[in-house]
Amino acid sequence: MRAELWFCMWISFLWGSCEGRFVVEKNNLRVTSPETLKDVYECAIGNFGVPQYGGTMLGLVVYPKTNKKACKGFDEFDISFKSKAGELPTFVLVERGDCYFTTKAWNAQNVGAAAVLVVDDRAEPLITMDVPEEEIGNADYLQNLSIPSALISKSLGDGLKKALASGEMVNVNLDWRESLPHPDERVEYEFWTNSNDECGPKCDSQMEFVRNFKGAAQILEQKGYTQFTPHYITWYCPEAFILSKQCKSQCINHGRYCAPDPEQDFSKGYDGKDVVMQNLRQVCVFKVSNESGKPWLWWDYVTDFAIRCPMKEVKYNKECADKVIHSLGIDLKKIDDCIGDPDADDDNPFLKAEQDAQIGHGSRGDVTILPTLVINNRQYRGKLDKGAVLKALCAGFQETTEPAVCLTEDIETNECLENNGGCWQDKAANASACKDTFRGRVCECPSVHGVQFVGDGYTHCEASGSGRCEINNGGCWKQTKDAATYSACIEGTSNGCKCPQGFKGDGIKSCEDVDECKERTACQCVECKCKNTWGSYECSCGGDLLYMQEHDTCISKKTTTEVGWGFLWVILFGLALAGVGAYGVYKYRIRSYMDSEIRAIMAQYMPLENQAETPNHISHANA
């Protein structure tokens, strides 16, 4: 009987009924041989072991001749599934029935199986294989289960068994790459938990997970890689039983929010309402911490509360919780305001939100099992282990956006280490197009020292843009000889290679010296003497002759000198004449200016000969 049914039966026994929409989480199984079965099939992920989220696993299917239901140890039958060096891992095909799913997986794992495929014994929709109830047998081995398990349909199982019986080799590929959505560079996940520490092995393993995962969770949250939200399951008491002893001891807010009795004994110890109050306090710790920009403090509070305030020491109370809250620097008044009045006949908005969140939406089913991990709105399947959960979170990132912790050797295999992942590589420039990812690798032309390479990433990448010639000379030809260096990389262009002047070739692999003398492209005048050099040439003239490169001709050094001095004397004589002329003009303009000024002054005091005389008396004849 699965744990979710136990919860529902327990709730039904107390309060009436428990209904929920349970979603079976699946992965793909691809049969690669034989040809008659080649196809992709769905299988249900077991809720134990370690599913390889984000990855794939190729294996050889084996169907044991005895112990076909795997309810006994295979070593009793001298059967081993360990693969030899170079062989594919072994996937054991077993039949459903007679014992727990976890027992089948454990027995197969103990003799070297890499995975377990359980064949359904009836034609029905796939179900989730879950862990057994803690009360039945010793379940300590569950934490040591590390191989993935999958339930396959009866029809597929019958087909595989028939192929194996006829002597055919059956190869399958278990694929978890699309089991979790991976839309972007941030993973959103929820952890449905409980503050109760007296619920047996399940509570112990849950608390151990919180302690072990705390460090990784806080780093991922602080750096913005993840968005984490804790949740708590509560139930409501049917109205007909609100005044009953059970509801009064297990519920707050007049039967609206309830939890099972920790000891399942109403006459002693803590009550269910104590658990509800501590759950509410943890909800409020997260709310207040999140509002202050430090949501990761929830992990500190939960681990410290479990250590300092256990039920066994009778410290599971508000007084102890307040001390933990105070030690973490969280505002106690805000916590108390968030909790509100547990005796009020009214809704608590935060617990009401928790109840609403329990209902499944989209691809996620109702939450009915504790603990439950939801990653990118998909319920996680597998054991609650730090490494397994971290792998699942890493599978939720869009490829190439994973944080560094997802690329460590403990989490994944670096495929770029072998043959550079089949991608382009330039060892001289220390540049590679292989980029390791959690899901495998991608071939993308890199950026080196700010210079972007362009190409297909598999067979070709070349530096492009400004500064490209600084990176392995832009992939172009370059050579030094006789203390001279020539390069086919042209700065200022985004790409391309061109042999420099004096060379010819493709500019990438080679540039050959052009013999200008032999090809008669320079130094071709009658008197010229041509000598080829690497990348250039030397041209000289015999006797008293001088080579003029711009005209590719030889001229006399003497004639050049005489012409030069004559030309210089002409210039000097011209400058002298210009100076004398300028001085004459200057003297003339000064003299004219002074004459005009003197005439103006004299005109004020006496008439000049070119001015008419002004009369200064009156004639008597006209009187």
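Hi everyone, let's start on the outside: this chain exposes about 34000 Å², and carbon and sulfur atoms supply 52% of that area. Please keep in mind that we are looking at a predicted model.

Now for the overall build. The chain has 623 residues, and 44% of them count as buried. Its secondary structure comes to 12 helices and 28 strands. How much of the contact list joins residues 24 or more positions apart? Taking the contacts with a separation of 6 or more, such residues account for 62%.

Let's go inside. The largest nonpolar core has 84 residues. Which residues have the most contacts inside this core? They are Leu29, Phe91, Leu117, Tyr189, Phe213, Tyr301 and Ile375. Helix α6, residues 272-291, gives the core its largest share, with 9 residues. Apart from that core lies another one, made of 24 residues, including Phe48, Ala108, Ala113 and Ile127.

Let me pick out Leu117 for a moment. If we leave aside residues up to four places away in sequence, Leu117 touches Leu29, Val61, Phe91, Val92, Leu93, Val94, Ala150, Val172 and Leu174. Two of those names, Leu29 and Phe91, you just heard among the residues with the most contacts in the core.

Next, the aromatic rings. Ring pairs link Tyr189, Phe191, Phe209, Phe213, Phe228, Phe286, Trp298 and Trp299 into a cluster. Tyr189 and Phe213 may sound familiar, as both were on the list for the largest core.

In the whole model, the count comes to 20 aromatic pairs. One of them is formed by Trp477 and Phe503, with 5.3 Å from centre to centre and 50° between the planes. Is that pair stacked, edge-to-face or tilted? It is tilted, because only planes under 30 degrees apart count as stacked and only those over 60 as edge-to-face. The two partners are 26 residues apart: Trp477 sits in the loop between β20 (461-464) and β21 (478-481), while Phe503 belongs to strand β23, residues 503-504.

Are these two residues buried or exposed? Trp477 counts as buried because its relative accessibility is 7%, and Phe503 is buried too, with a relative accessible area of 8%.

Finally, back to the surface. Ile571, Leu572 and Leu575 make a nonpolar patch of about 270 Å². Where is Ile571 found? Ile571 is in helix α12, which covers residues 557-602. With a relative accessibility of 37%, Ile571 counts as partly exposed, since that label lies between the cut-offs of 20% for buried and 50% for exposed.

Thanks for listening!

Methods
Residues numbered from 1 in each chain as written. Predicted model: local features only at pLDDT ≥ 70, side-chain atom pairs only at ≥ 80, totals over all residues. Heavy atoms only, no water. Phe/Tyr/Trp six-rings, centres within 6.5 Å; stacked < 30°, edge-to-face > 60°. Helix = DSSP H or I, 4+ residues; strand = E, 2+ residues; numbered from the N terminus. Buried < 20%, exposed > 50% of the residue type's maximum accessible area, 1.4 Å probe, protein only. Core = buried A, V, L, I, M, F, W, Y, C linked by side-chain atoms within 4.5 Å. Contact = heavy atoms within 4.5 Å. Patch = residues over 30% accessible without salt bridge, like charges linked within 9 Å, V, L, I, M, F, W, Y side chains within 5 Å. Areas by Shrake-Rupley, 256 points an atom, 1.4 Å probe, with all protein chains shown as cover. Salt bridge = Lys/Arg side-chain N within 4 Å of Asp/Glu carboxyl O.
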